[in-house]
Amino acid sequence: MKVAVFRKAHFNAAHRLHNPAWSDDRNQETFGKCNLPHYHGHNYDLIVQVIGDIDPETGYVMDMKVLKDLIKEQVEDRFDHKNLNLDTDEFKTLNPTAENIAVVIWNLLRPHLPKHLELKIRLYETERNFVEYPVG
Ligand code: NI
């Protein structure tokens, strides 16, 4: 009997979408306002989903306090109020799109969760634009 539990979190961060291998024109054409040279901010809403069997002893899929602390340590402390391109190791050379940020967050959290639990990330860059990883 699998159950999904969810924890919401939030961070503010600045970024610039840019491919250094391309011309300025091509970057501008592809990334639009997100390519503006002086960066801009987003209020990212994160939903971390953990799927697993209910532990018969605790009645939990996982202790939400543990999940909350893990998200704070691994995601919020690392990215909140940062410039993703300049201030983080993860996006020094990786374009900080919502897609890439979701994959990075999954990779940061995954090693800290028990193997039998499934992990999914949903990341809102705006109210209307959001991504999920992994798919399916
Ligand atoms: Ni942007």
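**A colleague's note on a nickel site and the fold around it**

1. A good place to begin is the metal: along the chain, the donors of the nickel ion follow the spacing H-x18-C-x5-H-x1-H. Histidine 15 belongs to strand 1 (residues 2-15), while cysteine 34 sits in the loop between helix 1 (24-31) and strand 2 (40-53), so this pair ties together parts that are 19 residues apart in sequence. Please keep in mind as you read that this is a predicted model.

2. Which atoms hold the nickel ion? The protein donors are NE2 of His15, SG of Cys34, NE2 of His40 and NE2 of His42, and they lie 2.1 to 2.3 Å from the ion. Of these, histidine 15 and cysteine 34 are both buried.

3. Why is the arrangement around the nickel ion called irregular? The four donor atoms subtend angles of 92 to 140 degrees, which makes it irregular. To count as tetrahedral, four donors would need all angles to lie between 85 and 135 degrees. For background, the ideal angle for four tetrahedral donors at a metal is 109.5 degrees.

4. Now step back to the whole chain. It has four helices and five strands, and from the N terminus on these elements run β-α-β-α-β-α-α-β-β. The C-alpha trace spans about 60 × 30 × 25 Å along its principal axes. Of the 136 residues in the chain, 40% are buried.

5. What lies at the centre of the nonpolar packing? The largest nonpolar core has 31 residues, and Val50, Ile105 and Leu123 are those that touch the most other members. At least two residues of this core come from each of strand 1, strand 2, helix 2 (64-79), helix 4 (98-109) and strand 4 (118-124). Helix 4 gives the largest share, with eight residues.

6. The largest pocket is worth a look as well. How much space lies in it? The value is about 190 Å³. Its lining is made up of Arg16, His18, Pro20, Tyr39, Asn85, Phe91, Lys92, Thr93, Leu94, Asn95 and Pro96. Sorted by class, that lining has five nonpolar, four polar and two charged residues.

7. Tyrosine 39, one of the residues that line the largest pocket, deserves a second glance. Its place is in the loop between helix 1 and strand 2, and its phi is near 70 degrees, a positive value in a residue other than glycine. Is tyrosine 39 buried, exposed or partly exposed? With a relative accessible area of 28%, tyrosine 39 is partly exposed.

8. Histidine 81 also has a positive phi, of about 60 degrees, although it is not a glycine. You will find histidine 81 in the loop between helix 2 and strand 3 (82-83). Its relative accessible area is 64%, so histidine 81 is exposed. Most residues other than glycine have a negative phi, and most peptide bonds are trans.

9. On the subject of peptide bonds, the one from tyrosine 133 to proline 134 is cis, with omega near -10 degrees. Proline 134 is found in the segment after strand 5 (130-133).

10. Proline 37 is placed in the loop between helix 1 and strand 2. At a relative accessible area of 46%, proline 37 is partly exposed. Between proline 37 and proline 20 there are 12 Å in space, C-alpha to C-alpha, and the two are 17 residues apart in sequence.

11. Aspartate 63 is in the loop between strand 2 and helix 2. Its relative accessibility is 34%, so aspartate 63 counts as partly exposed. Where does it stand relative to valine 5? Aspartate 63 and valine 5 are 58 residues apart in sequence, and their C-alpha atoms are 9.8 Å apart in space.

12. To finish, consider glutamine 74, which lies in helix 2. Glutamine 74 has a relative accessible area of 11%, and the cut-off for buried is under 20%, so this residue is buried. From glutamine 74 to lysine 2 the distance in space is 26 Å, C-alpha to C-alpha, with their positions 72 residues apart in sequence numbering.

Notes
Residues are numbered from 1 along each chain as its sequence is written. This is a predicted model: local features need pLDDT of at least 70, side-chain atom pairs count only at pLDDT 80 or more; totals for chains, interfaces and linings use all residues. Side-chain values use heavy atoms; hydrogens and water are left out. Donors are N, O and S atoms within 2.8 Å of the metal (3.2 Å for Na, K and Ca); water is not among the atoms, so sites may look incomplete. Four donors count as tetrahedral if all angles lie between 85 and 135 degrees; four count as square planar and six as octahedral if opposite donors are over 155 degrees apart and all others between 65 and 115; anything else is irregular. Buried means under 20% relative accessible area, exposed over 50%, partly exposed in between (1.4 Å probe, protein chains only). On a 1 Å grid over the protein atoms alone, a cavity is a set of points where a 1.4 Å probe fits but cannot get out, and a pocket is an open set with protein on both sides within 12 Å along at least five of seven lines; lining residues have an atom within 4 Å of a point. Grid points are joined across faces, edges and corners, and a volume is the space filled by probe spheres set on the points. Ala, Val, Leu, Ile, Met, Phe, Trp, Tyr, Cys and Pro count as nonpolar, Asp, Glu, Lys and Arg as charged, and the others, Gly among them, as polar. A nonpolar core is a set of buried Ala, Val, Leu, Ile, Met, Phe, Trp, Tyr and Cys residues joined through side-chain atoms within 4.5 Å.
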